Amino acid sequence: MSDCFFCKIAKGDIPTNTVYEDDNFRVILDIAPANPGHCLIIPKKHSPNIYETDDDVLAKAMVLAKKMAVKVKKATGCDGVNIMQNNEEAAGQTVFHFHMHIIPRYKDDNVLSYNTKKQTDEEFAQMRQKLADL
Ligand code: 5GP
Ligand code: ZN
């Protein structure tokens, strides 16, 4: 995708703080980190979201996520790490080239949180059935 910003970043056409690169991925420091050391794993092959990303790219991305999580933990001394990946605007995606966030976390930092919903046993049962049947 010639007009995709992350394609240009992944290819190295736009300078970034690259912390890792191989044939398939570039890993950069997020320009607006949730905490210092927040990295983005960006595949060099364009796909807009997880639904349209090849399984082999996803498999490699997860192995790389582990490698980067270990590096981020060592480099920052953080207490934990979130692996986050947003799909579509409603889920918070702002750049429509598949990527994964590696976010260092500290006890009580409150940088990521969500409100939980109450579900009845009947609602759980209906949802379980719906998902299991697809
Ligand atoms: P999304 O919201 O799509 O999951 O994540 C996009 C991420 O890309 C955001 O965390 C945002 O800060 C980061 N980002 C957007 N533009 C740039 C940029 O030009 N350079 C870097 N390093 N990160 C960027
Ligand atoms: Zn792209």
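Hi everyone, this is a short tour of the salt bridges and the largest pocket in this structure. Please keep in mind that the model is predicted.

Let's begin with the charged side chains. How many salt bridges does the structure hold? There are five, and I'd like to show you some of them.

Look at Glu21, please. Glu21, Arg26 and Lys44 are joined in a network of salt bridges. On one side, Arg26 pairs with Glu21, with the closest N and O atoms 3.3 Å apart. On the other, Lys44 pairs with Glu21, and here the closest N and O atoms are 2.7 Å apart. Glu21 sits in strand β1 and Lys44 in the loop between β3 and α2, so this pair ties together parts that are 23 residues apart in sequence.

Is Arg26 buried or exposed? Its relative accessibility is 9%, so Arg26 counts as buried. Glu21 is partly exposed at 43%, and Lys44 is partly exposed too, with a relative accessible area of 25%.

Now turn to Lys107 and Asp108, whose side chains meet in a salt bridge at 3.6 Å, N to O. Lys107 is exposed, at 67%, and Asp108 also counts as exposed, at 64%.

On to the pocket. The largest one has a volume of about 490 Å³. It is lined by 23 residues, and those closest to its centre are Phe6, Leu29, Asp30, Ile31 and Leu40. Which element gives the most to this lining? That would be α1, with three residues; β2 supplies at least two. By type, the lining divides into 12 nonpolar residues, 10 polar and one charged.

Thanks for listening!

Definitions and conventions: Residues numbered from 1 in each chain as written. Chains lettered and ligands numbered in written order. Predicted model: local features only at pLDDT ≥ 70, side-chain atom pairs only at ≥ 80, totals over all residues. Heavy atoms only, no water. 1 Å grid on protein atoms, 1.4 Å probe; cavity = no way out; pocket = protein on both sides within 12 Å on 5 of 7 lines; lining within 4 Å. Points joined across faces, edges and corners; volume = space filled by probe spheres on them. Helix = DSSP H or I, 4+ residues; strand = E, 2+ residues; numbered from the N terminus. Nonpolar A, V, L, I, M, F, W, Y, C, P; charged D, E, K, R; others polar. Salt bridge = Lys/Arg side-chain N within 4 Å of Asp/Glu carboxyl O. Buried < 20%, exposed > 50% of the residue type's maximum accessible area, 1.4 Å probe, protein only.
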